[in-house]
Each structure stands twice: as C-alpha cells, then as structure tokens.
Amino acid sequence: MAATTNILIVGVGGQGIVLAGDIIGIAAQRAGLAVKASEVHGMSQRGGSVVSEVRFGAEVHSPLIPPPGADFLLGFELLEGLRGVARLRPGGVAIVNTQRIVPASVTYSGAVYPVEAEAQLRDACPAAVLLDALAIAGELGNARAVNSVLLGILAAHGVLPLPCWEAAFRAAVKPRFLDLNLTAFQRGLALAPAAPRS
Amino acid sequence: MEEILTGNQAIARAARDAGTALGVGYPGTPSTEILETLVTLDGGVAQWAPNEKVALEVGVGVSFGNRRALVTMKHVGLNVAADPLFTVSYTGVAGGLVVLVADDPGMHSSQNEQDSRHYARAAKVPLLEPADSQEAYDFTRLAFELSEQFDTPVLLRTSTRLSHGKSLVTPGTRAGELPAPAPPNKPAKYVMVPAFARKRHEFVEARMVELEAWANAAPLTRAEYRDRKIGIVTSGIAYQYVRDAAPDASVLKLGMTNPLPLEAIRAFAAEVETLYVVEELDPVLEEQLRAAGLAAIGKAVFPICGELNPAVIAAGLGLPADAPANLELPGRPPALCPGCPHRSVFSVLKKLGVTVSGDIGCYTLGVMPPLSALDTCICMGASIGIASGLIKAGVDPSRVVGVIGDSTFLHSGITGVLDMVYNKIPTTVIILDNGTTAMTGRQEHPGTGRTLDAAEAPRVDLPALLRSLGVTDVATVDPYERDATTAAIKAALAFPGPSVVIAQRPCMLIPHEVRPRVELDADACKACGACLRIGCPAITEHEVTRDGNTRTMPEIDPLLCTGCAICASVCQFAALAPLKGKDKVSGLI
C-alpha cells in the first residue's frame, strides 16, 4: 500500500490557496488515488490566514494531516510559511513564496513581523525552497499565477505523474486563465532543481 | 462516476437525487453551500428564507404536502428553528423531512460551539452523522427514507470539517417517480392541540424505541475489530481522526447517534479491554454509555472545547503525537475588506465614543483594533434589544447605538424595532445595509431584489418598513460620505424617540464601478496616523528617512486599495486623494 502524501498549503485570503488545493486533489484523483482535503479560512472573506490540507494515497482517513506532519508545505506568504513549517514532518520540504504581507497585528497591535523569517524557515527546514514567486508571476503578467509557480515546484518533487497535473489544471482553472497558469506551472517545474535561494 | 465533492456538495446532490421538492434555509457557515449547490443542479429547487424558523416551517409545509424537503442551517440557526422542530417531532411527516444542521467546533466562524446533538435528544428525533462526503451523500438519501419509514423529521449533523472537507463520492441513481402532492387531512396527526398531542407524544416514545432497534442491526452501526486492547466508540468526522490516530484499535462507528444503538454498543464493549468514546464537543455519547453502566473513558482524556484532530486523539490515548513547536509569531486576524463601507461607520462611532451593541455579520469585525468599536455581540438581531435594554438600565440613550446588517435585520431585527417603538424606548439603530448577506459569501435576501436562483424578486423597502413599524426618525446615508454619516448618526442619537439610520452602500465584493485608487502625497503627509486608525488592510506603515529624519509614514498598497477614499476623508492635511486621470484600481478585489 502506497503511503499517504500530506500537503499543507498556507497563506493569506485571496491568494488562490483553495484553487491550489483543488488542483492537487484532482491531480491525485487522476492518478487513481484516494483524496481528502480540508480548508478553513478565517472570518473575513479576505486578508486572514488561510490553511488548506490535502492528503492522497491508496487509503485516506482524516482530512486533517495527522502526526508526524506534512510531507510538503506550500507557503504563499513568508510569515504564514514560517507558521506552517511547525507542522512539517521531520525531513519534509517547505516551498515558500518570500512575499511579505503585513498582518493587522503588526500594523495596529505592536507585533513585529519576524525580520529573520527566511533564516528561521531554513533552520526549521534545511530543504526549504524559498523563492520570489510573486516576481515570477509578475513577469508572466499576473500576480494570481503565484499558486501555479508553487505547484510547479511541488510537481518537480515527483509527488504525482506530470500528465495528471496538466489534466487537473484543465479541469480546475477557468479557460481564460489556463494558459497563464500552465506557463507558470512550467516555470515552477523548470525552476525546482536549482530554485533561486533568495 | 467518482467525483471530488465537499460534504455540502454531496448533501445537495443527494437531496436532488432523492427527489427533494424544495431545499430551504438561511445562510450560515458552514452550511451555506448546500442550497447554493442544490439550486444549480438539474432538477434542484432551493430558496433562502428570511430565517431558520421560517425555513423549517416552509419545509414542514412541503412535507405535509406529501413531498420531500431539505432544510439547512448552522448550529445556532437550529436555536431559531427549535420551536417548530420540537412539535414537528410529534406530528411526524408525510413527505420526508430532513433538517441539516452544521456545527462549528473550534468556532471558525461562529459565536459559540454548541453541540446540536442535544437537540436530537431533546426533540426526540433521529440524528445521522456522516464521516466523509460519500457518507454525506448516502446518509442524506437514507435520512429521507427513514423520515418516511418512521414518520419523523430526521436531523443530519455535519461539522465544519465534514461540510467543507472534500473527498471522493460515487453518487447513486436518481429516485423514480415520487408520490403526488396532497394536502394534509389528518387533524389528529397534524393539529397539535393537547388532546391530539398527548397521543402523538406516546407515538414519539414508541418511535424512538423502534428506531433504536433498527439502528442496532443497521449497516451504519459498524464494528471494526482489530487489536482488542482498545475499543473506541465514535461517530462523524471524529471516526476519521481515530483511524489515523490509532490505526490498530477496534472501532465501533456509529452512523446514527440518536437514539443510540445500545445493544450494539454493549456487544462491542464486551469484546474490548478498554472502552473509549471519542466525540467532538460535549460528552453526549459518553454520558449515555455511563448511564447504561458502561465504563467508557471520554472527556477525562479528550478535550470538550475546540476541534478534535488526529494528534489530539493520539495524545488522549497516550500514543506518540508530535506537538508542533510553538513559534511566537504575529497573528493574522481577519479584517474588514479594503473598501468595506462598514469601516466608515465604525470610524465615526469610534470618534463619537458611543457604546455600540453589535450583531452577527462581517461588521462584528468592527471589534478588532484599531477600530475597536463594538461592545456587545450575542446572536442574530440582539443588537437592537440589547441597546434598548441598556437604555432601560439607565445608560444615556444619546450614547448608545445598535448596529445590524441588512440580512440580519430582516432575519430577526424587525421585532426588536417593534419592541423599541411599542415600549417608547429612544433607541438608535444603524442598519449597515450592504445589499447582501456578506459574511457567508454574499447570498440574496428579501432586501436584495433577487432570490437564490438569481430571479428578480420584490425588494423590501427598508424606510417604508421602519415607518410602518412606527419609527418616525429614519435617515438614509452613504457611508462613503463620512461627514453626512456623522451628522445623521448625531441627529439620530439626539432624537428623543426611536431612530434608525440606514447606512447604504453595496458590499465591496459585489461587482461595482471601478474607482480611482488613492495615492499618498508624501510631502503633504504629517504622519499623524489618522488614516491608519481606520484599520484599512491597504494602509500599512513603514519608516522613511528624509533629510536625515526618520518618520513612520503610511503606505497605500495599490493592489489592495479600492478607491473608497475613507482614508482621504479622515486626513486633515489633504495628503490622500483619489488619483486623477486614467489610473484605475487594479488589485486583488
């Protein structure tokens, strides 16, 4: 029986996290695996922490990732990535966009955005891939492509067969954004072996 | 064909496939998407009711008319619908009647984490608890069958992780021809006067005994024997956590948790060394097991507050569970969206320094810093009654307002206004009318002019409604006009009788005209911080060094700014203004 793969996706409301989870789920289904996923966004439509958990394998019970933790962390924002890395299993891989989105607790309540967040992340996860996915998405012409860049890097780690990914994009992404997202996915895929250590 | 569906989508699909004549409910996280899905399905019919009580009553009518009905709500909605529930338990049904109640352990988006299973016991109706999307589908179909077979409304209970969790579903075939509509013609069954109700109560008690016997032998009561040192009785989503936390343990998975299949539970208990009960929230199963003389371990080792998960259960069982390292990091609390019209009203209320009795909706976020402009929040519609009560307690009526959203007002605010008029209480109410049920994802309601299926509908005329209730002082303002809003609120507070201010401006998330974004004139800015005090996520502060001086300056995120210009209206130095010319808002919203 194949082991279950656990992917934790974290970020800020509005960043396309739910769609990323859907794409992973469909890709796993296309690979003939059982899938479970769970997502919770905070009270606000936008701007709060968003967490999505996706699990796939021959048999999956809980939609929430059990101990010892996630195999992969997709962080759409640096602070949220750092928060999420605590739920990575030993030897798990964090793939984190280094974009910083300042939370209200920093602006209004005197909290401090961790200055050394990237170093802390690397300490917690030596295999971490840190990259400015927003810049890459920007080069492609749309900030919303961040999720596909990160998915490309995840795919490069060989979690699912490549044709399943493309089929999942076709099933989940609106047609007018499909080319953009597939291009961004390819960029992530190509980037992964020597991802820029920003 | 197998599909990935949320629990909510699966329930909608099952309701359609079961031939449900109507799905009816009031939006409430995490239940909302059921009716939103049902209405999109071929053959699916669904509508929003003004509140859960009306929804259940309409559903009861459909059932009495010999057709199947699904009624949906969140856990606190069942409080509102409890009155009809307790008596329709007596009458029973004609067409199948399924009441879906979605609990929110962990309070992802709720004001309490009450456990709806108590209602099933108190109202004496069967309760089904699916554990994944496939079961959400199967149990919904089964619930309609049981409803008709045992002449009872059936409660179907989900939780956030079930409703919003996704897993694979193979839907069944659609029901064939269903009985034709027929009006009720059995007064002894459907007219609950004492003489008839006494008989029906006896029926209810007998029905629950029959249901228990059914559940003892039904496939949804499933004993899975593995290692018999530990035996765990569980239900719903907790079953899945148990399977991951203790893969080798024996498990008795209950699909029906009211009435409890005690015979099956006793048989399971006899086969295992140590009996545990794993249930989210209250010890509903545990107390019944103990009452039945079974030494079950439950809340002694598993928490009563908050959500369960595999790690929590492993810890309770004394199995290895890695607790995540506790990094001290700044939180990311939810916030009113950039451009939210409520922000302006709260910034005015904050400035006036009045006591604000709040209500249920996005605007509850007015409590968050820096606005910090909410003093109470209890339940749907409570803002008005609590404001009136504060005044009756002796609080200065010119220093108290109740704030309530348009959907919440139509749900249960009208009676609060009726009360303040009738009892001559000089309460001031602000209706934050953003033209939608925003908190739950922008659903239509009787004030929006549209129904769930997007058809045009009569739109409630709020000022006319308020005047007909007897409110003589009604004003309507655009909250983006901050000075006019301030003046209207001040006038309402000063008015010696009941007053209502309608702050009317559509939710930012409703498609709207593009407004030029606001830009900061750094030379004019005195870094006074006034714009930061409105709590707009598009405005952050950063340090700027100019001419050797370091100042903390505001910065406007051009991706987030929606051009509402509320910040400009609080700036005394004209340092913030909408961009002139062609530069329009881009951004994420």
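What follows is a chat about a predicted model with chains A and B.

Biologist: Let's start where the chains touch: how many residues does each chain put into the contact?

Modeller: This is a predicted model, so keep that in mind as we go. Putting chain A and chain B together buries about 4,300 Å², with carbon and sulfur atoms giving 60% of that area. As for residues, chain A brings 52 and chain B brings 52.

Biologist: How many salt bridges cross that interface, and which lysine of chain B pairs with A:Asp22?

Modeller: Side chains of opposite charge can pair when their charged atoms come close. Across the interface of chain A and chain B, the rule finds 6 salt bridges. In one of the pairs, N and O sit 2.3 Å apart, and the partner of A:Asp22 there is B:Lys166.

Biologist: And how many residue pairs are in polar contact across the interface, and which element of chain A gives the most to its side?

Modeller: Counting pairs with both residues at pLDDT 80 or more, there are 16 in polar contact across the interface. On the chain A side, helix H1 (17-30), strand E2 (34-41), strand E3 (49-57), helix H2 (78-85) and helix H3 (104-109) each supply at least two residues. With 7 residues, the one that gives the most is E2(A).

Biologist: What is the mix of classes on the side of chain A that touches chain B?

Modeller: Sort the residues on that side of chain A by class. You get 28 nonpolar, 14 polar and 10 charged.

Biologist: Let's look inside chain A: how many residues apart are A:Arg87 and A:Glu53?

Modeller: Their side chains meet in a salt bridge, 2.9 Å from N to O. A:Arg87 lies in the loop between H2 and strand E5 (88-97) of chain A, while A:Glu53 lies in strand E3 of chain A. The pair links distant parts of the chain, and the separation is 34 residues.

Biologist: Over to chain B: why do E9 and E14 each have one side without a neighbour in their sheet?

Modeller: The sheet is open, with 5 strands in the order E9-E11-E10-E13-E14 and mixed pairing. Strand E9 (221-224) and strand E14 (296-297) of chain B each have a single partner strand, so one side of each is left without a neighbour; both stand at the edges.

Biologist: Which residue is the bridge partner of B:Ala223, and which helix packs on this sheet?

Modeller: E9(B) runs antiparallel to strand E11 (residues 249-254) of chain B, and 4 bridges join them. In E11(B), the partner of B:Ala223 is B:Leu252. As for the helix, look for one touching E10, E11, E13 and E14 of chain B, at about 145 degrees to the direction of E13(B): that is H12(B).

Biologist: What about the sheet of 7 strands in chain B: which residue is the bridge partner of B:Met73?

Modeller: That open sheet has the order E3-E2-E4-E5-E7-E6-E12, and its pairing is mixed. Strand E3 (46-48) and strand E12 (256-258) of chain B stand at its edges. Strand E4 (residues 69-74) and strand E5 (residues 97-103) of chain B pair in the parallel sense over 6 bridges. In E5(B), the partner of B:Met73 is B:Val101.

Biologist: Any odd backbone spots: which residues are joined to B:Pro259 and B:Pro370 by cis peptide bonds?

Modeller: B:Pro259 sits in the loop between E12 and helix H11 (262-271) of chain B, and omega of its cis bond is about -10 degrees. B:Pro370 sits in the loop between strand E15 (355-357) and helix H15 (382-392) of chain B, where omega is about 5 degrees. The residue joined to B:Pro259 is B:Asn258, and the one joined to B:Pro370 is B:Pro369.

Definitions and conventions
Residues are numbered from 1 along each chain as its sequence is written. Chains are lettered from A and ligands numbered from 1 in the order in which they are written. This is a predicted model: local features need pLDDT of at least 70, side-chain atom pairs count only at pLDDT 80 or more; totals for chains, interfaces and linings use all residues. Side-chain values use heavy atoms; hydrogens and water are left out. Contact means heavy atoms within 4.5 Å. Buried area is the accessible area (1.4 Å probe) that two parts lose on being put together, summed over both. A salt bridge is a side-chain nitrogen of Lys or Arg within 4 Å of a carboxyl oxygen of Asp or Glu. A polar contact is a pair of N or O atoms within 3.5 Å; within protein, one must be able to donate a hydrogen and the other to accept it, and residues adjacent in sequence count only if both atoms are side-chain atoms. Ala, Val, Leu, Ile, Met, Phe, Trp, Tyr, Cys and Pro count as nonpolar, Asp, Glu, Lys and Arg as charged, and the others, Gly among them, as polar. Two strands pair if DSSP finds at least two bridges between them. Axes are lines fitted to C-alpha atoms, for helices over the stretch in contact, and angles run from 0 to 180 degrees between N-to-C directions.
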